[in-house]
Structure formats: structure tokens, C-alpha cells
Amino acid sequence: MLMKSIAAGLAGTALLATVAFAQNPTATTDKAPAAAASTTTTTASGQWRTSKMDGIKVYNDANENIGSINDLLMDKSGNIKIAVIGVGGFLGLGEHLVAVPYEKLKFVNEAVAYTGAAGNNPNSAANRPAATTTTGAATGTDNKPATTTAATSSSKWYPDHAVFNASKDELKNMPEFKYSE
């Protein structure tokens, strides 16, 4: 009985070994080994992320806020053709969507120039974060100057705002854009 158990164990082990060996075949070919996939690092300085364009404020030539970008539509080759702008409403409710040609929008990297009364400027220096940042320690007893770098608009992945030559009423009077299902 013991001999039968040992023989069955050896047969089972041999069977498992052949199955495991069969799963790792070594094929020989005359082909050269494929080149390893190389990764390239590309810089995209000066480019904007479309995901960051959603919500960008749109102003007219008189610096009046006329809406915000809700969506960008592109053709099959990847070129953005239409900007969907939301006009009016509150927190997305009652908003009128209009489609405007993307090339008619002008994107600006600087804050909106405010022309209203002093003290009410939302873009005044008192209401904006500092445009420079300091890295390292400030000037200390070693008389080494602090390193100051200006926050450049090209380092952002989105513009500050867009300009479209129309009034809010003109946009509201445009045909409403609806997504087809």
C-alpha cells in the first residue's frame, strides 16, 4: 500500500512538472529582438489643457462678463471648432447655452482691466495673490539675496479669460445650443 502511494505521488509530481514546463516554452527564432519601448519626454510649454478651459470667464470688448466656457467641441481630426458658452443663470440653473466659433474667441493671459470706480476693483492688488513667490530663505545675516521668481502666465495650463465681441443680451438672443443624444 505504501508503494502505491509513493508511486502515485511521484506520478502526480511528474505530471505537474510537465504542465508547468509546458507553460514556459522557449521558442527560437531568427528574428532580432524587438527594441525596447522608449519613452520620450516632451515639453508642452505654452499649451493649454482643455480640462482647465471649462469655466473660463468670457468678457466682451468693454470688459463686461458675458458668460463662461462650458464645453469645447472638436472635429474628428482633433481641431477645436466650437466653444459652448453659458450665459446668465445662477449656479448652472437657467443658463442659456450658445455655440460660437472657437476662432472668434481671443484668449488673454492677463487679468481683466477694470474700468469701474476705485475700491470696487475685483482685480486690484489688494484682492489678488502676489505675483511673485520667494524660494529659499530671505536675505539674512549672510547677505545673500533671496531668490525671487515671477509667476508667469505661461506656467499655467489655462488662460486667464476669453474675449468675445458680443453683449450678454446678444448671446442670450442667439439660438440655444442643445446636445443631440
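This report describes the sheet, a surface patch and a backbone feature of a predicted model.

## The sheet

The model contains an open sheet of six strands, arranged in the order S4-S3-S2-S1-S8-S5 with mixed pairing. The edges are occupied by strand S4 (96-101) and strand S5 (106-108); each has a single partner strand, so one side of each lacks a neighbour in the sheet. From one strand to the next, the twist averages 40 degrees.

In general, strands of a sheet pair through backbone hydrogen bonds, in either a parallel or an antiparallel manner. Strand S3 (residues 80-87) and S4 run antiparallel and are joined by six bridges. Within S4, Leu-97 stands opposite Gly-86.

## A nonpolar patch at the surface

Leu-2, Met-3 and Ile-6 make a nonpolar surface patch of about 360 Å². Of these residues, Met-3 is found in helix H1, which comprises residues 2-22. Met-3 has a relative accessible area of 65% and is therefore classed as exposed, the cut-off for that class being over 50%.

## Backbone geometry at Asn-63

Most residues other than glycine have a negative phi. Asn-63 is not a glycine, yet its phi is positive, at about 60 degrees. The residue lies in the loop between strand S1 (57-59) and strand S2 (65-74). Both of these strands belong to the open sheet, where S2 and S1 appear in succession in the strand order.

The relative accessibility of Asn-63 is 29%, so the residue counts as partly exposed; this class lies between the limits of under 20% for buried and over 50% for exposed.

Note on methods. Residues numbered from 1 in each chain as written. Predicted model: local features only at pLDDT ≥ 70, side-chain atom pairs only at ≥ 80, totals over all residues. Heavy atoms only, no water. Pairing = 2+ DSSP bridges. Helix = DSSP H or I, 4+ residues; strand = E, 2+ residues; numbered from the N terminus. Axes fitted to C-alpha atoms, helices over the stretch in contact; angles between N-to-C directions. Patch = residues over 30% accessible without salt bridge, like charges linked within 9 Å, V, L, I, M, F, W, Y side chains within 5 Å. Areas by Shrake-Rupley, 256 points an atom, 1.4 Å probe, with all protein chains shown as cover. Salt bridge = Lys/Arg side-chain N within 4 Å of Asp/Glu carboxyl O. Buried < 20%, exposed > 50% of the residue type's maximum accessible area, 1.4 Å probe, protein only.
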